[in-house]
Amino acid sequence: MEFPVHIPFVEQLGFSLHSVGDGEAELRLTIAEQHLNSWRVAHGGVVMTLLDVAMAHAARSVNRRELDTGPDLGPGVVTVEMKTSFMRPGEGELRAVGKLLHRSTTMAFCEGSVYGAGDKLCAHATGTFKYLRALPAGRALKSLGGQRD
């Protein structure tokens, strides 16, 4: 399944989208050399990115009529905060599952889990995401102070 939006960083890492809909999303990644830390297991940044992207897709997977940007997914989201706990090293194929726990007009509250070899839990996260309408092509997001990021 293809990602609904072009995310160069996610494509570079080699994530694949396996399912998305009804407040849930599943991504997978087969660990390769470029994903490893000095201990020869998945780098924490890779695991956290899997969690972030899985939760963001779960947040977007519930069609929100007042903010819709397309028939398949609701509006875009940006991560406001994320808390991650690591239980064991990520090895082999990693499977990330994101779930939407609650949403408001402007915010989504999610959780995500990454499972590694033997389908053992490697990491768990909670995250808060802000819904955004799409910006016109070529425009950057503005910070709260009005300056461009």
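Is Cys 122 buried or exposed? I looked this up before anything else, and Cys 122 counts as buried because its relative accessibility is 2%, where buried means under 20% relative accessible area and exposed over 50%, with a 1.4 Å probe and protein chains only. I then checked Cys 110, which also counts as buried, at 2% relative accessibility. I found zero disulfides in the structure, a disulfide being a pair of cysteine sulfur atoms within 2.5 Å.

I note that this is a predicted model, in which local features need pLDDT of at least 70 and side-chain atom pairs count only at pLDDT 80 or more, while totals for chains, interfaces and linings use all residues. Residues are numbered from 1 along each chain as its sequence is written, and side-chain values use heavy atoms, with hydrogens and water left out.

Next I traced the fold: the protein has two helices and six strands, in the order α-β-β-α-β-β-β-β from the N terminus, taken as DSSP runs (helices H or I, at least four residues; strands E, at least two). Of its 149 residues, 38% count as buried.

I turned to the largest nonpolar core (buried Ala, Val, Leu, Ile, Met, Phe, Trp, Tyr and Cys residues joined through side-chain atoms within 4.5 Å). Of its 32 residues, Phe 15, Leu 27, Leu 50 and Val 114 touch the most other members, and α2 gives the largest share, nine residues.

Last, I followed Leu 27, whose contacts beyond four places in sequence include Phe 3, Phe 15, Leu 50, Val 53 and Leu 94, contact meaning heavy atoms within 4.5 Å.
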